[in-house]
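Reader: I have a protein model open on my screen, and I would like to know where its labels come from. Could you take me through them, one at a time?

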Amino acid sequence: MVERKRILITGASGFIGGFLVDEALRRGYEVWAGIRPGSSRKYLQDERIRIIYLNYDSKDALVDQLRSFADSTGVWDYVIHNAGLTKALRKKDFYTVNTFNTQILIEALAVAGCKPRKFLLMSSLSSYGPVKEDSFRPIRTDDDRKPDTVYGKSKLEAELFLRAQPFFPYIILLPTGVYGPGDRDYLMEIKSIRSGFDLKAGMKPQKITFIYVKDLAVAAFMAIENENIKNVSYFVADGDVYTDAGFAHTVKELLGKRFVINLRIPLWMCYVACFFSGIFGRLTGRAVTLNTDKYHILKQRNWICDTEPIRRELGFTPVYDLRKGLEETIRYGKENGLL
């Protein structure tokens, strides 16, 4: 009998995490979902999933937890560290969750004797910031990195720590815009178009790229399972380049909308909206999607990234282009009362 490989997936209760868990189960892994107490288990209903509540409050506490786990259960073959914040009430929360928790987990795994065969960090294209905004040349992994968002900076610091650690091989994935069933950010735009309004940030079109969440999950497992691939970073996108107007047009067609008011909002007005939205979030104690950090993402024009390395070295070929992915996303939204 072939022994099943064991994997820990952090951030398993979130949008991307749920699809990573599904892909692991599909491949026959013994899956441990690392979540925080109080996290939703909406995407973790399969009875085969094992739950572990990771204690990030201190490295010593996490070491004790992992050491006890290893003694009683054994170690994980692989770790996919997907836990992270994309929006936060306070800027320091980005560093706490995206940077420091990553550092604590890496060190605790090593000290507790739970070193995986490979550690995969789910980072983001935002950790590069605006690159080649005039030429629209695809961003490459060897480009200078100057993230202009706190989110991007916190992700970059986590990447740098992982690269410098001596404990175990790693992979860093840098997905572009991730969408699919259950995502809320792109759902906001889809709902706006459904209501008859297409609002785009900036007078100059954005060139954007996407990756469907199921393709991203497949890419992650191709990366950890290939024994010849280690200590590298890959951008993950479907390989096509779109515009913000093209995205909206595709959504309009799939929704069957005949008439939509198309408006381009000047960036200064976007900043004002983000500024006051951020104030509202602080007053209500809620992390909001629009804030001054998000403004820099709206402002960036070039989101094209070089996907040739992951195609060549891993043989990764996405199944979904944008239209196919949006069809499935919109169908899910309708069936689940989100649209």
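Author: Happily! This is a predicted model. Let's begin with Arg264, which lies in strand β13 (residues 261-265).

Reader: Why is Arg264 called partly exposed?

Author: Partly exposed is the class between under 20%, which is buried, and over 50%, which is exposed. Arg264 has a relative accessibility of 23%, so it counts as partly exposed.

Reader: And which residues does Arg264 touch, leaving out those up to four places away in sequence?

Author: Its partners are Lys200, Ala201, Gly202, Met203, Lys204, Pro205, Asp244 and Ala245. One of them, Met203, is 61 residues away from Arg264 in sequence, yet the two C-alpha atoms are 5.7 Å apart in space.

Reader: What makes Ile172 count as buried?

Author: The cut-off for buried is under 20% relative accessible area. Ile172 comes out at 0%, so buried is the right word for it. You will find Ile172 in strand β6 (residues 170-175). Not counting residues up to four places away in sequence, Ile172 touches Leu121, Ser123, Glu159, Leu162, Arg163, Val232, Ser233 and Tyr234.

Reader: How far is Ile172 from Asn231, in sequence and in space?

Author: They are 59 residues apart in sequence, with 7.8 Å from C-alpha to C-alpha. Asn231 itself sits in the loop between α6 (213-225) and β11 (232-236).

Reader: Is Asn231 buried, partly exposed or exposed, and how do you know?

Author: The limits are again 20% and 50%. Asn231 has a relative accessible area of 39%, which places it in the partly exposed class. Its backbone deserves a look too: phi of Asn231 is positive, about 55 degrees, although the residue is not a glycine.

Reader: Why is a positive phi worth pointing out?

Author: Because most residues other than glycine have a negative phi. Lys132 is another non-glycine residue with a positive value, near 50 degrees. Lys132 belongs to the loop between β5 (118-122) and α4 (150-164). With a relative accessible area of 38%, Lys132 is partly exposed.

Reader: Now for the helices. What makes α2 oblique to α3?

Author: The axes of α2 (residues 59-73) and α3 (residues 91-111) cross at roughly 45 degrees and come within 9 Å. Under 35 degrees would count as roughly parallel, and 65 to 115 as roughly perpendicular. The crossing angle fits neither range, so α2 is oblique to α3. The crossing is right-handed.

Reader: Which residues make that contact between α2 and α3?

Author: From α2 come Lys59, Leu62, Val63, Leu66 and Arg67, and from α3 come Ile104, Leu105, Glu107, Ala108, Leu109 and Val111. By class, 8 of these residues are nonpolar and 3 are charged, with no polar ones.

Reader: What about Thr96, where does it sit?

Author: Thr96 is in helix α3. With a relative accessible area of 36%, Thr96 is partly exposed. Its C-alpha atom is separated by 9.4 Å from that of Leu85, which is 11 residues away along the chain.

Reader: Why are α5 and α7 called oblique to each other?

Author: The axes of α5 (residues 185-194) and α7 (residues 244-255) cross at roughly 60 degrees, coming within 10 Å. Roughly perpendicular covers 65 to 115 degrees, and roughly parallel covers angles under 35. The pair belongs to neither class, and therefore α5 and α7 are oblique. Here, too, the crossing is right-handed.

Reader: And which residues meet where α5 touches α7?

Author: Tyr186, Glu189, Ile190, Ile193 and Arg194 of α5 meet Phe247, Ala248, Val251, Lys252 and Leu255 of α7. That contact has 7 nonpolar and 3 charged residues, and no polar ones.

Reader: Let's step back to the whole protein. How many helices and strands are there?

Author: The protein has 11 helices and 13 strands.

Reader: How do you know how compact the protein is?

Author: Its radius of gyration is 20 Å, close to the 20 Å that the globule rule gives for 339 residues, so the protein is as compact as a globular protein of that length. Along the principal axes, the C-alpha trace spans about 60 × 40 × 40 Å. Of the 339 residues, 51% count as buried. Finally, among contacts between residues at least 6 apart in sequence, 78% join residues at least 24 apart.

Key. Residues are numbered from 1 along each chain as its sequence is written. This is a predicted model: local features need pLDDT of at least 70, side-chain atom pairs count only at pLDDT 80 or more; totals for chains, interfaces and linings use all residues. Side-chain values use heavy atoms; hydrogens and water are left out. Axes are lines fitted to C-alpha atoms, for helices over the stretch in contact, and angles run from 0 to 180 degrees between N-to-C directions. Helices (H or I, at least four residues) and strands (E, at least two) are DSSP runs, numbered from the N terminus. Angles under 35 degrees count as roughly parallel, over 145 as roughly antiparallel, 65 to 115 as roughly perpendicular and the rest as oblique. A crossing is left-handed if the near helix is turned anticlockwise from the far one by less than a right angle, and right-handed if clockwise. Contact means heavy atoms within 4.5 Å. Ala, Val, Leu, Ile, Met, Phe, Trp, Tyr, Cys and Pro count as nonpolar, Asp, Glu, Lys and Arg as charged, and the others, Gly among them, as polar. The radius of gyration is taken over C-alpha atoms; the globule rule is 2.2 Å times the number of residues to the power 0.38. Buried means under 20% relative accessible area, exposed over 50%, partly exposed in between (1.4 Å probe, protein chains only).
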